[in-house]
Number of protein chains: 2
Amino acid sequence: MAQADTAHNAVQAGRRIVVIGGGFGGIEVARELGRAGLAVTLVDRQNHHLFQPLLYQVATSALSAPDVAEPIRRILRPYESVQVLLGDVTGIDLASRTIALDHGASLGFDILVLASGASHGYFGHDEWAQHAPGLKTLADARHVRARTLLAFELAERETDPAEQQRLMTMVVVGGGPTGVELAGSLAELSRYTLARDFRNIRPQSARVMLVEAGPRVLPAFSQAASDFARDRLERLGVEVLTGTAVEDIGEGRITIAGREMPVGVVLWAAGVAASPLARMLGAETDRAGRVLVDETLAVRGLDGVFALGDAARFVDEAGNPLPGLAQVAKQQGRHLGRSLARHLSSGEALRPFHYRGRGNTAIIGRNAAVFEQGRLSLRGRLAWFAWALIHVYLLVGFEHRMLVSMQWLWRYLTYERGARLVTDDTIRPARGVRARD
Amino acid sequence: MAQADTAHNAVQAGRRIVVIGGGFGGIEVARELGRAGLAVTLVDRQNHHLFQPLLYQVATSALSAPDVAEPIRRILRPYESVQVLLGDVTGIDLASRTIALDHGASLGFDILVLASGASHGYFGHDEWAQHAPGLKTLADARHVRARTLLAFELAERETDPAEQQRLMTMVVVGGGPTGVELAGSLAELSRYTLARDFRNIRPQSARVMLVEAGPRVLPAFSQAASDFARDRLERLGVEVLTGTAVEDIGEGRITIAGREMPVGVVLWAAGVAASPLARMLGAETDRAGRVLVDETLAVRGLDGVFALGDAARFVDEAGNPLPGLAQVAKQQGRHLGRSLARHLSSGEALRPFHYRGRGNTAIIGRNAAVFEQGRLSLRGRLAWFAWALIHVYLLVGFEHRMLVSMQWLWRYLTYERGARLVTDDTIRPARGVRARD
């Protein structure tokens, strides 16, 4: 029996498996296939896996970029059958079963796993991107950090009070967890961290606004959690505007609910669109560009092509599409890796995926977080600690866990932030929507 | 007496003191003047003070940028009479006693302290800058890190063995402490850290060369220390070429001693030139562009203008110009700050500066460093620990000290590096020599 399996493995090992994307989903697929000794090539245009749930902390000077990122090669080092390639996928040809990479390179595949994630979506207003950066990559986070800190620096140099006030007006668009976390963190930055560092301005008087088109912040949470988050944000001095749509964004200005106002920084945490690679497959997608997959994560209508995480639209047993969360991608990746490994080594049919919600968290500020799982709901300090523990635990490397937890402890005690840097390479010029992250 | 001093202070407090540069020298001047309650404006084009002696560790993925940098505002926060401005000095007008900043702003002064440091110097070959980046700013360090890591990534994708070998050929130009540290650290990176992470290439077979025009590496150290450094570099696999001048550098190629060779990465650690601001003063400078100062650090021939650190040429009692070391700048800054404070508050004459050498260190790799002070000379593990202790101690913030020492301990035990990141913002296009760092 063991021999038969091995023989089968040897045959199937000839099948070329390519995984596109080294996020939560792609890493897990590659790891599970690698564990089974199957040959896999993982392609990503970044050399690192990014712990996106903590990215807003890089954007608000609390953590440094390497704290929340890990080289993909290092994560997959133990699995010798797994190869990692740095490359930008420029095309997918299903007829010849080849993906095209930058610099004219290409890669053949028998089985393709699309785990290319999502990017910002500007609801058809791509011209807003240059004025309202979003938060998907480390470069994004450093750029947001530089913009925010520069606004205070320029205000310190400014002599016109109106211009000072404009520079210190910051608008976060989108009231989901990222928007809430950014707004809360910006408020804390200005009220505590920067409070005593300037002479001409009072950073405490910075105006931080959170704009949400829907009726409440944190729409994926309960009404009680939304109310709690709003209350805590307002206590931090954040102006929360719900039921309010952004109508236009330009250089130094934003139009909200028919009124144009001068603004120093606009941050985008509203729309998400699946990576354009999803569309390259030519398969059916939803409005956000996510590929429709069946219960085994196979792309509907294509042979040997799978998709997961933010690149896929997976509808659960109750008929609801799964949300774009790290834990969804991670569970899907692990499931698909194991399911594929069994399928290739013993011919077993692919198994259906079932999502197990591990709870939803959002952090508003020091001591203030919400955590909900099913009927369990935590708010306040306990939720904050639960959130911190879970996130430190989920960080990939041991070193990171140790360092991040120490930094948090330090910051918690002092309100200091260790990464208040503006560097020449992060003050990038305005740019368009990114092709893929 | 105290009253008389206070009255004198009040008069002198009207004198506008401007310090250009927030490096080791500028920070100390501002701190001492701030301690005396005198009004000072410190201008820097970066928002952070940089711990330059550890910059090579950012360039070789060992530390993250925020580990070696601290916001200037945060350092000077306790001194309420000190104001920090982010700005690029574009001109100095001694007639109107005004400095011009970017965006059309200007700043009047009665007393000016030039602490603007140094930048790379390419010996009249500014066109080499784009092919051979140097190491003066955090952006430089992240750029060098990205170039180095990308060379391995591209080699992994490459199928032509000759091109693979080219990509994995790295030349460090300049055999001073920075060059030695870079070469040793690159060798360790390829031999240990990356060793098991690739499938198509053997990072251990990367060729690391250190090219020095003079007869030996570490020319500021004893012959024994030079020999030790060379031996340790060679044991790490570094090819050390002394008495060898670089004749040309182009895209993917370098000409050394009449022979052109293909190369993947060239790093510049050879020439240093004082900031161009020194020349703006119109005062006498040496060949490296450093302003000639007298024993009180006053610029010769100018009234109320001082210079220190890498921007100044200070000749000690024995007739030797002081080297461009952090400790020189730091001691000069402290001295000038105190001397000026006394002068302004009680009319006391400015005091002459005396340098006290605290010893010279250079690190070659794990367990291998040299430390020399006068007749004391340490080599090997003890020097490494001395170096590590001194550098951790010198780091400005307590948090940094704690985190950096933990990272070092971790790296020491594992050969891992925590900051192996290539991000889109660090892969900057080729650029010219920087105006000022």
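**Close-up views of a predicted model**

**View 1. Meet A:A419, a residue in the segment after helix 12 (398–414) of chain A.** Keep in mind that this is a predicted model. Is A:A419 buried or exposed? A:A419 has 25 C-beta neighbours inside 10 Å, and a residue needs 20 or more to be called buried, so A:A419 counts as buried. Now look at who sits around A:A419. Leaving out residues up to four places away in sequence, A:A419 touches A:V58, A:S61, A:A62, A:L63 and A:S64, plus B:P66 from chain B. A:T60 is worth finding too: A:T60 and A:A419 are 359 residues apart along the chain, yet their C-alpha atoms are separated by 8.4 Å.

**View 2. Zoom out for a moment to see chain A as a whole.** Chain A has 437 residues, and buried ones make up 53% of them. Its secondary structure comes to 12 helices and 24 strands. Take the contacts in chain A with a separation of 6 or more: 64% of them are between residues 24 or more positions apart.

**View 3. Here is A:W268, a residue of strand 17 (residues 265–268) of chain A.** How many other C-beta atoms lie within 10 Å of A:W268? There are 26, so A:W268 is buried. Skip the neighbours within four places in sequence, and A:W268 is in contact with A:H120, A:A132, A:P133, A:G134, A:V173 and A:G174. For a sense of scale, pick out A:I111, which is 157 residues away from A:W268 along the chain; the C-alpha atoms of these two are separated by 36 Å.

**View 4. Strands 6, 7 and 8 of chain A line up, in that order, as an open sheet.** The pairing in this sheet is antiparallel. Which strands stand at the edges? They are strand 6 (89–93) and strand 8 (106–108) of chain A; each has a single partner strand, so one side of each is left without a neighbour in the sheet. Ignoring direction, neighbouring strands here are turned by 20° against each other on average. Look closely at strand 7 (residues 98–101) of chain A, which runs antiparallel to strand 8 of chain A and is joined to that strand by three bridges. To spot the pairing by eye, find A:T98, which stands opposite A:G108 in strand 8 of chain A.

**View 5. Another open sheet in chain A has three strands, in the order 14-15-16.** These strands also pair in the antiparallel sense. Strand 14 (246–250) and strand 16 (259–262) of chain A are the edge strands, and each pairs on one side only. From one strand to the next, the twist averages 20°. Strand 15 (residues 253–256) of chain A pairs with strand 16 of chain A over four bridges, again antiparallel. What is the bridge partner of A:I256 in strand 16 of chain A? That would be A:R259.

**View 6. Two helices of chain A pack together: helix 2 (residues 24–35) and helix 10 (residues 326–346).** Two packed helices are described by the angle between their axes and the distance between the axes. For this pair, the angle is about 25° and the axes are 7 Å apart. Angles under 35 degrees count as roughly parallel, so helix 2 of chain A and helix 10 of chain A fit that description. Their crossing is right-handed. Residues making the contact include A:F24, A:I27 and A:L33 of helix 2 of chain A, along with A:A329, A:L336 and A:L340 of helix 10 of chain A. Sorted by class, the contact of helix 2 with helix 10 in chain A has nine nonpolar, five polar and six charged residues.

**View 7. Over in chain B, strand 11 (residues 169–173) is mostly covered.** Five of its five residues are buried. In a regular strand the side chains alternate between the two faces of the sheet. In strand 11 of chain B, B:T169, B:V171 and B:V173 are on one side, B:M170 and B:V172 are on the other, and both faces are covered. Strand 11 of chain B runs parallel to strand 12 (residues 207–211) of chain B, and five bridges join the two. One bridge to look for links B:V172 with B:L210 in strand 12 of chain B.

Notes. Residues are numbered from 1 along each chain as its sequence is written. Chains are lettered from A and ligands numbered from 1 in the order in which they are written. This is a predicted model: local features need pLDDT of at least 70, side-chain atom pairs count only at pLDDT 80 or more; totals for chains, interfaces and linings use all residues. Two strands pair if DSSP finds at least two bridges between them. Axes are lines fitted to C-alpha atoms, for helices over the stretch in contact, and angles run from 0 to 180 degrees between N-to-C directions. Angles under 35 degrees count as roughly parallel, over 145 as roughly antiparallel, 65 to 115 as roughly perpendicular and the rest as oblique. A crossing is left-handed if the near helix is turned anticlockwise from the far one by less than a right angle, and right-handed if clockwise. Two residues are in contact if their C-beta atoms, placed from the backbone, lie within 7 Å. Ala, Val, Leu, Ile, Met, Phe, Trp, Tyr, Cys and Pro count as nonpolar, Asp, Glu, Lys and Arg as charged, and the others, Gly among them, as polar. A residue is buried if 20 or more other C-beta atoms lie within 10 Å of its own, exposed if 12 or fewer, and partly exposed in between; C-beta atoms are placed from the backbone.
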